[in-house]
Amino acid sequence: MVDLKVPDMTCGHCVSTITKAVKELDASATLDISLADHRVSVQSKASKESLVHCIAEAGFTPQAL
């Protein structure tokens with residue numbers, strides 16, 4: 001499980017964009033996203049670095065927790 005804080009995730013569209021980016025990296029990934037807390041938890045076979053990179057490429061600034 002990779003836990004990230006994404007302070008610039010502010011709306012449902014952001015959640016959708018992050019979900020799409022992660023699913024493109026790993027279609028079997030499961031995400032638990034809390035918009036109110038700006039937290040994204042991902043269960044994935046992809047590395048933490050890959051997940052951070054794909055979310056950053058989608059236009060966000062993920063921070064490891």
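**Exercise 1. Overall fold**

Determine how many helices and strands the chain holds and in what order the elements run.

*Solution.* The chain has 2 helices and 4 strands, as found in a predicted model. Read from the N terminus, the order of the elements is β-α-β-β-α-β. The radius of gyration is 10 Å, close to the 11 Å that the globule rule gives for 65 residues, so the chain is as compact as a globular protein of that length. Along the principal axes, the C-alpha atoms fill a box of roughly 25 × 20 × 20 Å.

**Exercise 2. Burial, surface and contacts**

State what share of the residues is buried, what share of the accessible surface belongs to carbon and sulfur atoms, and what share of the contacts is made by residues 24 or more positions apart.

*Solution.* Step one concerns burial: 31% of the 65 residues count as buried. Step two concerns the surface: the accessible area of the chain is about 3700 Å², and carbon and sulfur atoms hold 52% of this area. Step three concerns the contacts with a separation of 6 or more: 61% of them join residues 24 or more positions apart.

**Exercise 3. The two sides of helix α2**

For helix α2 (residues 48-57), identify the buried residues, explain why they lie on the same side, and name their packing partners.

*Solution.* Begin with the buried residues, which are L51, C54 and I55. Because these residues cover an arc of only 100° around the axis, they lie on the same side of α2. Turn next to the other side of the helix, where E49 and E57 are exposed. The partners of the buried residues are β1 (2-5), α1 (12-25) and β3 (39-43). Finally, consider what comes after the helix: α2 is followed by G59, which has a positive phi, near 105°.

**Exercise 4. Cysteines and disulfides**

Count the disulfides, and examine C14 and C54 in turn.

*Solution.* A disulfide is a covalent bond between the sulfur atoms of two cysteines. The test applied here requires the two sulfur atoms to be within 2.5 Å. By this test the count is 0 disulfides. C14 is in no disulfide, as the nearest cysteine sulfur, that of C11, is 3.6 Å away. With a relative accessibility of 9%, C14 counts as buried. For C54, the closest cysteine sulfur is that of C14, at 15 Å, which is too far for a bond. C54 has a relative accessibility of 11% and therefore counts as buried; this agrees with its listing among the buried residues of α2 in the preceding exercise.

Technical notes: Residues are numbered from 1 along each chain as its sequence is written. This is a predicted model: local features need pLDDT of at least 70, side-chain atom pairs count only at pLDDT 80 or more; totals for chains, interfaces and linings use all residues. Side-chain values use heavy atoms; hydrogens and water are left out. Buried means under 20% relative accessible area, exposed over 50%, partly exposed in between (1.4 Å probe, protein chains only). The arc is that of the directions from the helix axis to the C-beta atoms. Contact means heavy atoms within 4.5 Å. The radius of gyration is taken over C-alpha atoms; the globule rule is 2.2 Å times the number of residues to the power 0.38. Accessible areas come from the Shrake-Rupley method with a 1.4 Å probe; for residues, only the protein chains shown count as cover.
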